[in-house]
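Dear colleague,

Please find below the structure I wished to pass on to you. My notes on the strands and on the largest pocket follow it.

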Amino acid sequence: MGGLSVRGAVVRYGSGETATTAVAGVDLDVADGEILALLGPSGCGKSSLLRAVAGLEPLAAGTVAFDGEDLAGVPVHRRGFGLLFQDGQLFAHRDVARNVAYGLETARVPRAQRGERVRELLDAVGLARYGRRSVSTLSGGERQRVALARALAPRPRLLLLDEPFSALDRALRERLAVDVRDVLRDTGTTAVFVTHDHDEAFTVADRVGVMQAGHLLQVAPPEELWRAPASRAVAAFLGYQAFVPREVAGGTAGATNDGGTRPADATDAGGWLAVGPNGLRVLPTDLSGRGGAGARGGADTSWSARVVAGAFRRGRTELTVDVDLGAGPQRLVAQLDGVAPPAPGATVTVGLDAAGCAFVGSSPQRDSLSA
């Protein structure tokens, strides 16, 4: 298979009893032209894995190959990979065009071809008239666009991006994520994109891999990953806020990969219903507690909850509530539709919305990583 192939990759720092394993036997494939995001919290090993692929960190075990070629012993500058980090590290003494042209100059590409390639990429990243600008006059987002164009200029067979937007504000990161996705797809670039930001990963990537404690827990397209997390550890990292034991949830339907619902069955025994950010709703009852109408999606289970606070976010009201869904008291967020929020201390009835939930089967080995 063409593209990147990683088998049994182990990265360790230090030696002896003080050694730390950053990457613990990871297998990973990235097909030609595919964009894969490695998503995980700080310290999970995603950047160490990226650096091992680049050749910047030695492998303690395992292999990295590209297009079937084992890269053991191949130095960084001969792997044909492009690198883009949080700090684009532009050359202050070069203008924008000459920054983009740097790799082409190193490869001794003729001047006319360099100029054409630079113009092509500056247009692709939305900086068509910036060629003569000093990089000192650019904003943070513009600098990262120049750095992306420079990384793409030599036509790398694999582009490795390590938290490229983490130093930028939220609105700019959201815009750049869309722009980077479009540029990578338009140029057919194979890429591995490391981030701790869920929205970035889901926006940029064709598939997303979730890492935790050096392990790769799941790799799947964004929608499949969200609707069918492979373990409780994956679901928790993605933002599912509570886990209702299947026997407590009773007949509540779980979300399926196609966005529909399915009833509980015998194969679900021992698992959980993972409650997403939109999976808990205040039911249209009086405020007297249990016994209200069932949750959307067919559930007839409801719980009494005490309101802690209310907030209006992005066009909807969210209530922070204290509630016990069957696994002990928790402070969770419930969605409230169409009415003014009750005052703190009020009692409301909440229920599960199957469209915002996912079934997670029992997987003790994987779930232990979340402890």
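Strand β1 (residues 4-13) is joined to strand β4 (residues 61-66) by 5 bridges, and the two run antiparallel. Within this pairing, Arg7 stands opposite Thr63 in β4. Please bear in mind that the model is a predicted one.

These two strands belong to an open sheet of 4 strands, whose order is β2-β1-β4-β5 and whose pairing is antiparallel. At the edges of the sheet are β2 (20-30) and β5 (69-70), each of which pairs on one side only. In general terms, strands of a sheet pair through backbone hydrogen bonds.

Helix α1, formed by residues 46-54, lies across β1, β2 and β4. The direction of helix α1 is at about 115 degrees to that of β1.

I turn next to the largest pocket, which has a volume of about 610 Å³. It is lined by 21 residues, and those closest to its centre are Phe81, Gly82, Leu83, Tyr102 and Ala151.

Which elements each supply at least two residues of this lining? They are β6 (81-84), α3 (102-106) and α5 (140-152). The most is given by β6, with 4 residues. Sorted by class, the lining of the largest pocket comprises 11 nonpolar, 7 polar and 3 charged residues.

When you view the model, the pairing of β1 with β4 can be located from Arg7 and Thr63, which stand opposite each other. For the largest pocket, Phe81 and Tyr102 are among the residues closest to the centre.

With kind regards

Conventions. Residues are numbered from 1 along each chain as its sequence is written. This is a predicted model: local features need pLDDT of at least 70, side-chain atom pairs count only at pLDDT 80 or more; totals for chains, interfaces and linings use all residues. Side-chain values use heavy atoms; hydrogens and water are left out. Two strands pair if DSSP finds at least two bridges between them. Contact means heavy atoms within 4.5 Å. Axes are lines fitted to C-alpha atoms, for helices over the stretch in contact, and angles run from 0 to 180 degrees between N-to-C directions. On a 1 Å grid over the protein atoms alone, a cavity is a set of points where a 1.4 Å probe fits but cannot get out, and a pocket is an open set with protein on both sides within 12 Å along at least five of seven lines; lining residues have an atom within 4 Å of a point. Grid points are joined across faces, edges and corners, and a volume is the space filled by probe spheres set on the points. Ala, Val, Leu, Ile, Met, Phe, Trp, Tyr, Cys and Pro count as nonpolar, Asp, Glu, Lys and Arg as charged, and the others, Gly among them, as polar.
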